[in-house]
Structure formats: structure tokens, C-alpha cells
Amino acid sequence: MLSLLLCNTLLLLSAISAASATTLGVTYNPSAPNLPPPERVVSTLQSLHVSAVRLLDPTPAAVRAFAYTNITLLLSVPNNLIPSFAANSSAASLWLHTHVLPYHPRTHISLISAGSDVITTTAISDSTTDPSTTLLPAMRNLHLSLLDLGIRTISVSTTFSFIDIMTTSFPPSSAEFQEPIGSLIIHPLLQFLEETNSSFLVNIYPYNVYRINSEIPIGFALFQEHPFNFRDDVTTGVRYRNLFDMMVDSVIAALAISGQENIPVIVAGTGWPSETEAQAAGNYAEMYLKGLLRHLRSGLGTPLMKEGVAEAYIYQLFDEADLRHNNDENGTIGAAASGGTGQHWGIMYPNMTMKYHVHFSGTTRVLENCKRLVEMALASLVSILLFL
């Protein structure tokens, strides 16, 4: 009787936890040169059991290729269109008529990001444009244009870079949005997200924080398990065992300070570049991806957000041929490319073979969760036996 109850309790807990695991996806730029046709890419993604794709600089052909699949799309509007969207709602409407209306709802589009890392790319490519006066109006015009088209299932947001908007990554309890970005851009934007039931999108690259902070152990950034591989937030008493969770919780803390802790968080881009100097110590990119996928599939979330981020997209599917061009013109690279040249973020070759042995499918609990499951199950059993 006892063993049967234990088994059933464990199965129930596993099912609940698996159901709350983060949706895993990849970023894919169909506008990049020398890539296979979208139909072939979609077929491969289906075979890999990828459930979500963030389309950078989407093309109508790519959006159409995802029709009648179980893959959900997040479309990113190129940064160079944001000023025109802000100035004229008809520009936003025209883009929707080209990229969304002909394919919705056969293609499952869940969200549109008005630009990506707009603060960074605007400062680099167009110092005359002020994101504080264009970003939110562009988002509002996109949202209103969707409503005018009778589409109410697609939300609108934008994508920020962690390094652009956060004061610190540790301790998370001390994190706030940088000023004046917080007051001028983020706080009004959060109100819009709350009003429209949308999500907060942020690119989180532990590689970039590790690269500029020499005191961070590489194992802490790569989800490696070591006895002393942790950092404690003395304010909250929370122990962190990887840099990714620290960065996510910094965003959560900043949202809470802004009074918007209930807005869902989506990691719109994360990954690790393959670098020549790292090969001697092991393939850091593969180690990061495996650790990330294992962690996100566990359903444990982060210390401050037990349900975890709603979605996470691995940057990126293929290496970009011209990082600087894409960064300046389309805003599709952003923080990912800030590490310099000679880096390759792609997880797949153009011949559709994987660079790394990573798997997107499967919701089986990992070993690190067994102890927690058993403890929860035993606690439940005690409660049950008290009523027997």
C-alpha cells in the first residue's frame, strides 16, 4: 500500500512538474544568405521536436512554411522599421498584411517583438533616433493594427538586452532597471504589457557577463555541478548554482520593484559561441547548451520564480554570414554579437546537420530533481496516512 502510494505520488508530481517546464525554441533568420529553403528547415525542426521558433527578420515564405505545424512562432520586426511604425500606423498595418494576415491562423503566431536590442542598435546605427519616443508608439500601433484586423491572439512586445537594461547581475536582490532607461522606456512599456496581457522579452547571455567578470568561474556559467560552485544572495538567503538563474532572477527582482512581477518573462535569446581558444578546455558551447536544456526541462524554475521563464530561445540556428550588417540594419544580433568577431553562435550547419549533441524533446525528470521529488512525495504521504 505504501509503495503504491509513493509510486502514484511520484508520477503525479512528475507530470505536474513536466507540464510547467519552459517551452524550448530556437532563433532562425530566414533572411540570412546561403541557407536552405524554409520548407527544408521547418521539416528538420519538426524532426528535432522543436516546439517554438523566433523568426528574426521574417520573410513571408518562412512564415508560410510553418503553416499546419505544431511549431509556434515569435516574429521579430527589424529595428529599422520601428521609426516608421511609430510615426504611421499604416506602416505597421502594411507589415502585418504582408507577414501575418495571409498565414494566420494556419501558422501559429503567438507574439510579435517590435525590434530587438533597440537601445543598443539605435546607439550604433542611428544616433538621431530616440527609442524612448519611438519604441512604445510602434508597439501600440502594431497592437491596434492587429485589433483592426480582428486578430486578438497575437500579443506585442519588444526584446531587451540584459546588459543594456540591468544595473547588476549579482546579487539579484539588488538589481534594478538602469536609469534613465527604466523611467523613460521600461516603466511605460511594462504598463502596456500589463494592459495587453503580453510578456517581457529579454536576451540573456551568461557568456557576456562571464567575459567581463573574471571572478566568475567558468563552471558556474556552464551549469557544471561542483561542491563549491555556488554564490549566495545574503539579502534573500538564496543560493545560486548557475549564472543563468542569477540573471533571470535579476530581471524578476527589477520587475517586482517596478510593481510588475506578474508579467511573464521570455528569454528571447541565449546561447554560447564556439571559440577556438575554448576548444582546449572542452566545447563550452555544447556544455552550455546541454546544461541549459537539462535545467529548463527540469521544471524547477529559478529561486525567485519557481514556474520558470515561460519560453526560452537558443540563439541561433545557423551562423550569420555578416554579423555587423545584420546587427546594424535589422537588430537581429544585438547582445549576442557584442563579444566581437570570429564567433559562431549557430547550432546547426547549412547542410542541416547538428553541431552539437543536444536534444529538444523529452520531459523526463533529471537526476538532480529526484531528491526533491522524494521529499515532496514523502510529505504528501504523511498527510495522506494521517487520514487513513
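Which backbone oxygen does the side chain of Thr134 reach? The legends below describe a predicted model, beginning with the view that settles this point.

**Figure 1. Surroundings of Thr134 in helix H7.** The side chain of Thr134 reaches the backbone oxygen of Asp130, at 3.3 Å. Thr134 has a relative accessible area of 13% and is therefore buried, the cut-off for this class being under 20%. Leaving aside residues up to four places away in sequence, Thr134 touches Ile82, Pro83, Ala86 and Thr129.

**Figure 2. Packing of helix H7 against helix H9.** The two helices comprise residues 131-148 (H7) and residues 181-195 (H9). Their axes come within 9 Å and cross at roughly 10 degrees. H7 is therefore roughly parallel to H9, as angles under 35 degrees fall in that class. On the H7 side, the contact is formed by Pro131, Ser132, Leu135, Leu136, Met139, Arg140 and His143. These residues meet Leu184, Ile185, Pro188, Leu189, Phe192, Leu193 and Glu195 of H9. Sorted by class, the contact of H7 with H9 has 10 nonpolar, 2 polar and 2 charged residues.

**Figure 3. Contacts of Leu96 in helix H5.** Helix H5 spans residues 89-99 and includes Leu96. The relative accessible area of Leu96 is 0%, so Leu96 is buried. When residues up to four places away in sequence are not counted, Leu96 touches Leu101, Pro102, Ile112, Leu142, Ser145, Leu146 and Leu149. One of these partners, Leu142, is 46 residues apart from Leu96 in sequence. In space, the C-alpha atoms of Leu96 and Leu142 are 8.1 Å apart.

**Figure 4. Helix H12 and its two ends.** Helix H12 contains 15 residues, numbered 243-257. At 1.5 Å a residue, H12 should span 21 Å, and its end C-alpha atoms are indeed 21 Å apart, so the two values agree. H12 is mostly covered, with 13 of its 15 residues buried. At the N-terminal end, Asn242 serves as the cap: a side-chain oxygen of Asn242 lies 3.2 Å from the backbone nitrogen of Phe244. H12 is followed by Gly259, which has a positive phi, near 80 degrees.

**Figure 5. The protein chain as context for the close-up views.** The protein chain has 15 helices and 10 strands. Of its 388 residues, 54% are buried. Among contacts in the protein chain with a separation of 6 or more, 74% are between residues 24 or more positions apart.

How values were computed: Residues are numbered from 1 along each chain as its sequence is written. This is a predicted model: local features need pLDDT of at least 70, side-chain atom pairs count only at pLDDT 80 or more; totals for chains, interfaces and linings use all residues. Side-chain values use heavy atoms; hydrogens and water are left out. Axes are lines fitted to C-alpha atoms, for helices over the stretch in contact, and angles run from 0 to 180 degrees between N-to-C directions. Helices (H or I, at least four residues) and strands (E, at least two) are DSSP runs, numbered from the N terminus. Angles under 35 degrees count as roughly parallel, over 145 as roughly antiparallel, 65 to 115 as roughly perpendicular and the rest as oblique. Contact means heavy atoms within 4.5 Å. Ala, Val, Leu, Ile, Met, Phe, Trp, Tyr, Cys and Pro count as nonpolar, Asp, Glu, Lys and Arg as charged, and the others, Gly among them, as polar. The expected span of a helix is 1.5 Å times one less than its number of residues. Buried means under 20% relative accessible area, exposed over 50%, partly exposed in between (1.4 Å probe, protein chains only). A polar contact is a pair of N or O atoms within 3.5 Å; within protein, one must be able to donate a hydrogen and the other to accept it, and residues adjacent in sequence count only if both atoms are side-chain atoms.
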